[in-house]
Each structure stands twice: as structure tokens, then as C-alpha cells.
Amino acid sequence: MTLTIKRHNRPNQNDETRGMDSNLLEKHCLYYAAILGASLWASWITWMPFLHVSGPAM
Amino acid sequence: MLYILQKKIQALLPYDSRKHPSKSTTTISHTFAEHNTVITIYVVGPMSLLFLFRVNRTLRDDKLSQYARKMVLIVLLSVQYSTLVVVRYDTIKGFAHYFFTAMTFVSLLLYHGIVSNRGAHWMVDLIKPMVGVASVLLMCGFGAMISFVTDIRNRHTYWTMCCYMEILALLLLGSLDILDIYVLGLSIQS
């Protein structure tokens, strides 16, 4: 007996992700996550040493 | 010459720090000690996101052997821990701080040296080594100034230069990741 599995689009998928290859979706998620991480990291590095200059922000 | 440089550097600051010595620019490590709670909470975000990105790059690199991948993953894990040790400058000072700072810096350079780009891009291949070398030189300059210039905190020109060098060195190190993100963006487009 052979079991055949057919792939269907999940009903709860929204318009943006419907039809998108899972590998591409992973790349997109990773890309935006990495941009967010790099931005936070860069802002931390540049902003923290100037806390004294810019005033008591905390 | 040094006077002109001093004026140029101080022009970048919101106001002359000599008039307000308590509000002068300081090194990143000193801000760790003074604003530790905020930084410890804040740094978890960028650290986790960049860790996710670096691990993914390592696992997807087909040119690396299984052994090399495991080793790089161990290096990346050690970067997470050593960064947290560096951040806790309020309690972990002296040799331990310098050791873990150097370890984090070298480990990240090692990771960038070992893991190759998913898709080769001539511009990235050219810029990446240059950025890496510039980052190392600036960090060495920062370390040398901190170690060899006597009473550096009270010498405003040297101190400000030293702080800028540290910031620039770390920004250049971070820009290696930004180049990787750029390559990922290109692979999405193609």
C-alpha cells in the first residue's frame, strides 16, 4: 500500500506568505531579523559613550 | 597640528567637554559600568538576533566540513558568554575584562574569516578583508593608547581620540555582519 501525501496551502496563510517558497521565507525572516539586530547593535555602540554628553537620559 | 585635530574632534561633540569634565565622552566599557542594568537588558536583543544570523550562515555554508561547523558554533556560543562578561564591567574588571574583550573580538574575526559568503560578490570579497584589518588596527591603537599614554583620562585630545577609535573599531567589526546581510539580500533578489 502506498501512502501519497499531497501538499496544500494552509488556510490561515496570509497573502504575503501564500505561495512563497519556505526557503525564501526563511531568508526573508533572517534578513529582517539580522537588520534589526545590526541596527540595535550599532545604535548601542554609538550612543552609549555619548550618554554623558547628551545629558542624563536615564 | 594636534591642536587643529583636537578642535575638529571637539567640534563633533555637542559642546566643549573641557568646560564640563563630568560630561566628557567615555569608552564603551565605562558605560557598561555606569549604566549596567540598561545595557544588560538592551544587549540581549542585538546579541540574540545576530547570533541567529551567524548560526544560520555557518550551517548553510557548504564549503565547511561538519567538524569546522561544530567548531564555529562553539566559537559563536563562547562569543555570547564572553560578551556578557565584557558587559558586566561593573563587577568584572582588570585583566579578566581585557581578556574577555580580546577573546570576543578575536572570536568574531575568526568566525568572519572561516565562514564564507553564500554567493560570491566581488565587492564584498574586496571590502571585507579591508574592513577587518582596519578594525584590528583601530582596536590595537585604542589598546596601545589606553596602556601607554599616561594619565589619559585627563588629556582630553588623546582621550576623545581613544574613545572614537574604540567606537570606530567596533562599528567596523559590526559592518562585517552588515556586508553578510547585504549578500543575503542579494541572494533573496536573485
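## Two domains in chain B

A quick word before we split anything up: the domain bounds used here come from an automatic or database domain assignment. With that in mind, chain B is divided into domain 1, covering 26-115, and domain 2, covering 117-190. Keep in mind too that this is a predicted model.

How far apart are the centres of domain 1 and domain 2 of chain B? Taken over C-alpha atoms, the centres are separated by 15 Å. Domain 1 of chain B puts 10 residues into the contact, and domain 2 of chain B puts in 11 residues. On the domain 1 side, the elements that give two or more residues are α3 (36-60) and α5 (95-114) of chain B. The top contributor to that side is α5(B), with four residues. Sort the residues on the domain 1 side by type and you get five nonpolar, three polar and two charged.

## What the two chains are built from

Let's step back and look at the overall make-up. Chain B has seven helices and zero strands, and reading along its sequence gives the pattern α-α-α-α-α-α-α. Buried residues make up 29% of the 190 residues in chain B. Now take the contacts in chain B with a separation of 6 or more: 67% of them are accounted for by residues 24 or more positions apart.

Chain A has two helices and zero strands. Of its 58 residues, 14% count as buried.

## The α1 helix of chain A

Helix α1 of chain A runs over residues 22-47, and you can check its length yourself. At 1.5 Å a residue, its 26 residues should span 38 Å, and the end C-alpha atoms are 37 Å apart, which agrees.

Which residues of α1(A) are buried? They are A:Ala34, A:Gly37, A:Ala38, A:Trp41 and A:Ile45. Look at the numbering and think about how a helix turns. An α-helix has 3.6 residues a turn, so residues three or four places apart point the same way. As for what covers the buried residues of α1(A), the list includes α2 (28-34), α3 and α7 of chain B.

## α3 and α4 of chain B, side by side

Next, find α3(B) again and look for helix α4 of chain B, residues 66-87. The axes of these two helices come within 11 Å and cross at roughly 170°. Angles over 145 degrees count as roughly antiparallel, and α3(B) and α4(B) are therefore roughly antiparallel to each other.

Who meets whom here? From α3(B) come B:Ile39, B:Thr40, B:Val43, B:Met47, B:Phe51, B:Arg54, B:Val55, B:Thr58 and B:Leu59. Facing them from α4(B) are B:Arg69, B:Val72, B:Leu73, B:Leu76, B:Gln80, B:Thr83 and B:Val87. The residues of this contact divide into 10 nonpolar, four polar and two charged.

## Inside and outside of α6

The same length check works for α6(B): its 27 residues should span 39 Å at 1.5 Å a residue, and the end C-alpha atoms are 39 Å apart, which agrees. The buried residues in α6(B) include B:Val131, B:Ser135, B:Leu138, B:Met139 and B:Phe142. What do the buried residues of α6(B) pack against? They pack against α5 and α7 of chain B.

B:Pro129 also sits in helix α6 of chain B. Is B:Pro129 buried or exposed? A residue counts as exposed if 12 or fewer other C-beta atoms lie within 10 Å of its own. B:Pro129 has 12 such neighbours within 10 Å, so B:Pro129 is exposed. B:Pro129 and B:His112 are 17 residues apart in sequence, and their C-alpha atoms are 9.4 Å apart in space.

## Two loop residues to look up

B:Ile92 is in the loop between α4 and α5 of chain B. With 17 other C-beta atoms within 10 Å, B:Ile92 is partly exposed. Leaving out residues up to four places away in sequence, B:Ile92 touches B:Val85 and B:His97. B:Ile92 and B:Ala33 are 59 residues apart along the chain, with 9.4 Å between their C-alpha atoms.

The other one is B:Asp151, in the loop between α6 (122-148) and α7 (156-189) of chain B. Its phi is near 50°, a positive value in a residue other than glycine. B:Asp151 is exposed, with 8 other C-beta atoms within 10 Å.

How values were computed:
Residues numbered from 1 in each chain as written. Chains lettered and ligands numbered in written order. Predicted model: local features only at pLDDT ≥ 70, side-chain atom pairs only at ≥ 80, totals over all residues. Contact = placed C-beta atoms within 7 Å. Nonpolar A, V, L, I, M, F, W, Y, C, P; charged D, E, K, R; others polar. Buried ≥ 20, exposed ≤ 12 C-beta atoms within 10 Å, placed from the backbone. Axes fitted to C-alpha atoms, helices over the stretch in contact; angles between N-to-C directions. Parallel < 35°, antiparallel > 145°, perpendicular 65-115°, else oblique. Expected span 1.5 Å × (residues − 1).
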